[in-house]
Amino acid sequence: EGTATRCLFVCPRLPASLILLAHELLRCPSARRLLERTSALAVIAMAGVSIWNHESWIVRQNVARHAETGKLDLRYLACDLSARAVPEVLQAANREHEGLRARAHTAIGERFMWVMDDAWYEWNAGRSRARDAIGKAGIVGPGPDTATGICSREWG
């Protein structure tokens, strides 16, 4: 997650900032104008990264690789990504065999049942979508004392 976000945020912004600098140097240079434009570019880039659901993209890329190689790191997808990835993980698991779907549902239930009872001040769109997907899938998570620990152990 961190590397993908950093790359998406830094990589396009740096060349664009250099283009802005070159543009300023070809004209009458103004440090203030360059700073304003570069700051605007940073705000736009940050807004784009925060709006884009990169975790769903990660799930789709892993599922596409699974189609080619036959390997899927479902533990990473179900346990290590945030609630924003839950709808995509459940869709991918529903396309697979029953055993994989059952393990994904168990892991999602164990890891994300807390999104089902958020307080009003904890609301966000990612959790809301996760809550809807969990409800549609009919997942009932284990209680804290009966958790199976799927997300805390290795499984594939």
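**View 1. Trp52 and its ring partner in a predicted model.** Let's start with Trp52, which has a relative accessible area of 33% and is therefore partly exposed. Trp57 is partly exposed too, at 36% relative accessibility. Two aromatic pairs are counted in this model, and Trp52 with Trp57 is one of them. The ring centres of Trp52 and Trp57 are 5.9 Å apart, and their planes meet at 55 degrees. The pair is called tilted because that angle is neither under 30 degrees nor over 60.

**View 2. Trp120 beside Tyr121, an edge-to-face pair.** Here the two ring planes stand 85 degrees apart, with 5.6 Å from centre to centre. Since edge-to-face means an angle over 60 degrees, this pair earns that name. Look at the surroundings as well: Trp120 is exposed, with 77% relative accessibility, and Tyr121 is exposed at 59%.

**View 3. Helix H3, from end to end.** H3 covers residues 54-69, which makes 16 residues. How far apart are its end C-alpha atoms? They are 22 Å apart, and this agrees with the 22 Å expected at 1.5 Å a residue. Just after H3 comes Gly70, where phi is positive, at about 85 degrees.

**View 4. The buried residues of H3.** Which residues of this helix are buried? They are His54, Glu55, Ser56, Ile58, Val59, Asn62, Val63 and His66. Here is a handy idea to keep in mind as you trace them: an α-helix has 3.6 residues a turn, so residues three or four places apart point the same way. Try following Ile58, Asn62 and His66, which are among the buried residues of H3.

Technical notes
Residues are numbered from 1 along each chain as its sequence is written. This is a predicted model: local features need pLDDT of at least 70, side-chain atom pairs count only at pLDDT 80 or more; totals for chains, interfaces and linings use all residues. Side-chain values use heavy atoms; hydrogens and water are left out. Rings of Phe, Tyr and Trp (its six-membered ring) pair if their centres lie within 6.5 Å; planes under 30 degrees apart count as stacked, over 60 as edge-to-face and the rest as tilted. Buried means under 20% relative accessible area, exposed over 50%, partly exposed in between (1.4 Å probe, protein chains only). Helices (H or I, at least four residues) and strands (E, at least two) are DSSP runs, numbered from the N terminus. The expected span of a helix is 1.5 Å times one less than its number of residues.
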